[in-house]
Structures are given as C-alpha cells and as structure tokens.
Amino acid sequence: MHAFHGVDHAVLTVTDLDRSEEFYWGVLGFLPVMDFGHGRILVDRKTGFSLGIVRHEGARGGPFTELTTGLDHLGQ
C-alpha cells in the first residue's frame, strides 16, 4: 500500500472559465499556464500546487451551493 504524501493538484468543475480564472489568478495569485479550451491549469508559484478548472459540456449551471458536488478530483 502506498503512503499518502499530500495533495499536489485539484480540479474543479466551473460554469465560467474566464470568471474562475480571474478569481484564482487575480485574487489568489495562481499563475495561468495552460488553456485547453474546455479547461485551464493554474499554478501556485510558491508551492507548485496546480489547480485545474474545467467546464464540462452539458453541465448544469447555477450559483454555487454546498449541496451540489463541485470537486472534480484531487491528486497526489
């Protein structure tokens, strides 16, 4: 069995890529590094932690609520 060493990336499902990127870059300081059209990758320059934001075709939109699942995945 592998030992758990922490989380090095996370991917979140979002409804608006531009607005989400603006928040993670403009407010939290994540550096945008890749754009795949339907998703983007941002990196924290200090820690190397990477954050993916993805807009899935056909996903339900609407304002955030903690009652709706929003995390795509965490990775090690």
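## A good place to start

Let's begin with one residue: Asp 18 is exposed, with a relative accessible area of 52%. Exposed stands for over 50% relative accessible area, buried for under 20%, and partly exposed for anything in between, with a 1.4 Å probe and protein chains only. Asp 18 forms a salt bridge with Arg 40, and the closest N and O atoms of the two are 2.9 Å apart. Because Asp 18 sits in helix H1 and Arg 40 in strand E3, the pair ties together parts that are 22 residues apart in sequence.

Before going on, keep in mind that this is a predicted model, where local features need pLDDT of at least 70 and side-chain atom pairs count only at pLDDT 80 or more, while totals for chains, interfaces and linings use all residues. Residues are numbered from 1 along each chain as its sequence is written, and side-chain values use heavy atoms, with hydrogens and water left out.

## The overall layout

The protein has one helix and five strands, and along the sequence they come in the order β-α-β-β-β-β. These elements are DSSP runs numbered from the N terminus: helices are H or I runs of at least four residues, strands are E runs of at least two.

Of the 76 residues in the protein, 24% are buried. If you take the contacts (heavy atoms within 4.5 Å) with a separation of 6 or more, 52% of them are between residues 24 or more positions apart. The protein exposes about 5,900 Å², and carbon and sulfur atoms supply 57% of that. Accessible areas come from the Shrake-Rupley method with a 1.4 Å probe, and for residues only the protein chains shown count as cover.

## The helix and its two sides

Helix H1 spans residues 17–27, and its buried residues are Leu 17, Ser 20, Glu 21 and Tyr 24. They fall on the same side of H1 because they cover an arc of only 100° around the axis; the arc is taken from the directions from the helix axis to the C-beta atoms. What do these buried residues pack against? Strand E1 (9–13), strand E2 (31–35), strand E3 (39–43) and strand E4 (50–54). The other side of H1 carries the exposed residues Asp 18, Arg 19, Glu 22, Gly 26 and Val 27.

Both ends of the helix have something to look at. At its start, a side-chain oxygen of Asp 16 comes within 3.1 Å of the backbone nitrogen of Asp 18. Just after H1, Gly 29 has a positive phi of about 85°.

## A network around Arg 40

Side chains of opposite charge can pair when their charged atoms come close. The structure holds three salt bridges, each counted when a side-chain nitrogen of Lys or Arg is within 4 Å of a carboxyl oxygen of Asp or Glu. Besides the bridge to Asp 18, Arg 40 meets Glu 21 in a salt bridge (3.3 Å, N to O). That pair links distant parts of the chain, with Arg 40 in strand E3 and Glu 21 in helix H1, 19 residues apart. Arg 40 also meets Asp 35 in a salt bridge, again 3.3 Å from N to O. Through shared partners, Asp 18, Glu 21, Asp 35 and Arg 40 join into one network.

Is Arg 40 buried or exposed? Arg 40 is buried, at 12% relative accessible area. Glu 21 counts as buried too, at 18% relative accessibility. Outside its neighbours within four places in sequence, Glu 21 touches Gly 26, Pro 32, Arg 40, Leu 42 and Ile 53.

## A nonpolar patch and a loop

On the surface, Trp 25, Leu 31, Val 33, Met 34 and Phe 36 form a nonpolar patch with about 490 Å² of accessible area together. Patch residues have over 30% relative accessible area and no salt bridge; nonpolar side chains (Val, Leu, Ile, Met, Phe, Trp, Tyr) are joined within 5 Å, like charges within 9 Å. The largest share of the patch, three residues, comes from E2. Leu 31 has its place in that strand and is partly exposed, with a relative accessible area of 32%.

For a last stop, try the loop between E4 and strand E5 (71–75), where Ala 59 lies. Ala 59 is partly exposed, at 37% relative accessibility. In sequence Ala 59 is 44 residues away from Thr 15, yet in space the two are 7.9 Å apart, C-alpha to C-alpha.

Methods: A polar contact is a pair of N or O atoms within 3.5 Å; within protein, one must be able to donate a hydrogen and the other to accept it, and residues adjacent in sequence count only if both atoms are side-chain atoms.
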